[in-house]
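Subject: A structure to look through

Dear colleague,

Here is the structure I promised to pass on to you, with some notes on what turned up in it. Please keep the sequence and the 3D view open side by side while you read.

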Amino acid sequence: MTASDAGWRFDNTYARLPEQLATRVEPGPVRAPRMVVFNGALAEQLGLAGSLHDAAAIFAGNALPHGAEPIAQAYAGHQFGHFTNLGDGRAILLGEQLTPTEERFDIQLKGSGRTRYSRSGDGRAALGPMLREYLISEAMHGLGIPTTRSLAVAATGDVVMREKPLPGAILTRVAKSHVRVGTFQLAAALGDRTLQETLLNYVIARHDPELADVSEPAVALLEAVAERQASLVARWMLVGFVHGVMNTDNMAISGETIDYGPCAFLDVYDPATVFSSIDQQGRYAYANQPAIAQWNLARLAESLLPLVDGDEQQAVDRVRGVLERFAERYKTHYAAGAAAKLGLAEVREGDEALFRSLLTQMHEAHADFTATFAALPRLLEEAGPTSCLPPGFTPTWREAWLRRLADEGAQQEAAKGRMRLANPLVIPRNHHVEEALAAAEIGEMQPFHRLLAAVSQPFQQSADHAAYRLGPPAGSGPYRTFCGT
Ligand code: AMP
Ligand code: MG
């Protein structure tokens, strides 16, 4: 590979994998490419030139960057529990960019036209949902949560037909890779042992090179993925994030949050919260996410069985332990994060109960998840009249918490520091996101940029961002998300 003037430096390993895993396809032409957003900071990290901020033809799919070898990736997956053959129906992987520090990132266009996996879909995307993914993925990054990133949104000048005609757009997504649980499910469904082995070795080389020489690589990979997912989902839970569509094709082997469709953040704390209009059974409700992650890992384990042991029963026995340990892994990550939210330096017995009782009170008081935790540092200060405690807190709980802090000899400033690093002030609240997207749709980008700036620095105490800390106006009713396809 050679670097272009714009800094493109592709080395496309996935395109060289067996043909069952991907198909060559060019992005479909669009009428009038126009840049809508460009992520200059991310471009720099990728080794790309800032001048790309007006490379609309590239980010709308009308021109290919130097060294690109566009493909649609094939995969399968359980969607709401049902197995289906899938693949990139509206996304095209341009290639793998090598950064100046030799990291490798997929550069993918989303909304770039039909592929052989499009089924009845048009392969296109609307501006609103692509800006939504840009905003929320960058917010997740700001929160320090592993996620795919967003490099650009370009308008296509074409209309996409949904319930009504909408402006078309393409998102450029950046990921450590787009290999999913569903990719392994595809290889398993094809029953091609060599393909399964090739995929396993590829993924280990790309994501877990230290496992290259272990005696049981398939089990070791399952363990590594379980660890990443346990950590990831714990972090979602601790900021009130509801992914909304945790199908196995939307669970990345890299441990990055991927596929921002119907996702949203909690305002009021309610563990049963479901935002997605298509999730009628509440399968992907906030509180179900850890259990669903484990269910998805079981599907990954099944797909790996032939690589674990020639004897199926032996293989099942080997992976069972890994799956069973998921709950413990999750609990460990969650407990560490919960302690930090409470300003504690370490996890002790009884902390879980302390945290749970706060959540129960928050639930009963209809307290705002983010605002309640953001209020904690103030609660450390001298007790005012108890009636002044913010919703969700009780004097008894506050006393127990202060005692717990005192027990570990916590200095007030140190405890506050820990809380401020763990409790964001700003999340992309649904009503603010909707406002920004509605303005963007009529060409007014200022609200989007102001919100993006705030959610990109979620822990910063800034007067400029104060408006974004507020929950929705009273009487707003439950928020609903739609698939945005
Ligand atoms: P998602 O729910 O976004 O994970 O998408 C599930 C599957 O549907 C993936 O294979 C997508 O590529 C495909 N898909 C979603 N929207 C479209 C569309 N507009 N055209 C073609 N395929 C689509
Ligand atoms: Mg998907």
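The model, which is a predicted one, holds 18 aromatic pairs. One of them is formed by tryptophan 8 and phenylalanine 10, whose ring centres are 5.3 Å apart and whose planes stand at 15°, so this pair counts as stacked; planes under 30 degrees apart are what earns that word. Tryptophan 8 and phenylalanine 10 are both buried. Tyrosine 14 and tyrosine 202 make another pair, and here the centres lie 5.5 Å apart while the planes meet at 80°, so the arrangement is edge-to-face. Because tyrosine 14 belongs to the segment before strand 1 (22-24) and tyrosine 202 to helix 5 (residues 193-207), this pair ties together parts of the chain that are 188 residues apart in sequence. Both of these tyrosines, tyrosine 14 and tyrosine 202, are buried as well.

Elsewhere, one aromatic cluster is formed by Tyr269, Tyr286, Tyr330, Tyr334, Phe355, Phe369 and Phe373. Phenylalanine 373, a member of that cluster, also has lysine 341 over its face, at 4.6 Å from the ring centre. In a similar way, arginine 299 lies over the face of tryptophan 295, at 4.3 Å from the ring centre.

Tryptophan 295 and arginine 299 come up again around threonine 248, since both are among the residues in contact with threonine 248 once its neighbours within four places in sequence are left aside. The other residues on that list are Gly77, His78, Arg180, Val181, Gly182, Gln185 and Asn296. Threonine 248 itself lies in the loop between strand 9 (241-242) and strand 10 (264-265), and its relative accessible area is 0%, so it is buried.

Is lysine 110, with its 5% relative accessibility, buried or exposed? The cut-off for buried is under 20% relative accessible area, and lysine 110, at 5%, therefore counts as buried. Lysine 110 is found in strand 6 (residues 104-110), and its side chain is joined to that of glutamate 133 by a polar contact of 2.8 Å. Apart from its neighbours within four places in sequence, lysine 110 is in contact with several residues, including Arg90, Ala91, Met130, Ala169, Leu171 and Asp259.

Next comes the ligand. Ligand 1 is surrounded by 18 residues, of which the closest are Gly87, Gly89, Asp122, Gly123 and Asn250. A backbone N or O atom of glycine 89 lies 2.7 Å from an oxygen atom of ligand 1, while a backbone N or O atom of glycine 123 lies 2.8 Å from a nitrogen atom of ligand 1. With asparagine 250 it is a polar side-chain atom that lies 3.1 Å from an oxygen atom of ligand 1.

Helix 8 (residues 312-324) allows a small check that you can repeat yourself. What span should its 13 residues have at 1.5 Å a residue? The expected value is 18 Å, and because the end C-alpha atoms are 18 Å apart, the two agree. At the start of helix 8, a side-chain oxygen of aspartate 311 reaches to within 3.0 Å of the backbone nitrogen of glutamine 313. Within helix 8, Ala315, Val319, Val322 and Leu323 are buried, and what covers the buried residues of this helix includes helix 6 (217-239), helix 7 (289-308) and helix 9 (326-341).

A few remarks on the backbone remain. Most residues other than glycine have a negative phi. Glutamate 102, however, has a positive phi of about 65° although it is not a glycine, and it lies in the loop between strand 5 (91-98) and strand 6. Arginine 119 likewise has a positive phi, near 50°, and its place is in the loop between strand 6 and helix 3 (127-142); with a relative accessible area of 52%, arginine 119 is exposed.

Proline 129, for its part, sits in helix 3 and is partly exposed, with a relative accessible area of 24%. The C-alpha atoms of proline 129 and tyrosine 260 are separated by 8.6 Å, although the two residues are 131 residues apart along the chain.

With best wishes

Notes. Residues are numbered from 1 along each chain as its sequence is written. Chains are lettered from A and ligands numbered from 1 in the order in which they are written. This is a predicted model: local features need pLDDT of at least 70, side-chain atom pairs count only at pLDDT 80 or more; totals for chains, interfaces and linings use all residues. Side-chain values use heavy atoms; hydrogens and water are left out. Helices (H or I, at least four residues) and strands (E, at least two) are DSSP runs, numbered from the N terminus. The expected span of a helix is 1.5 Å times one less than its number of residues. Buried means under 20% relative accessible area, exposed over 50%, partly exposed in between (1.4 Å probe, protein chains only). Contact means heavy atoms within 4.5 Å. A polar contact is a pair of N or O atoms within 3.5 Å; within protein, one must be able to donate a hydrogen and the other to accept it, and residues adjacent in sequence count only if both atoms are side-chain atoms. Rings of Phe, Tyr and Trp (its six-membered ring) pair if their centres lie within 6.5 Å; planes under 30 degrees apart count as stacked, over 60 as edge-to-face and the rest as tilted. A charge sits over a ring if NZ of Lys or CZ of Arg is within 6 Å of the ring centre and within 35 degrees of the ring normal. A residue is near a molecule or strand if one of its heavy atoms lies within 4 Å of it.
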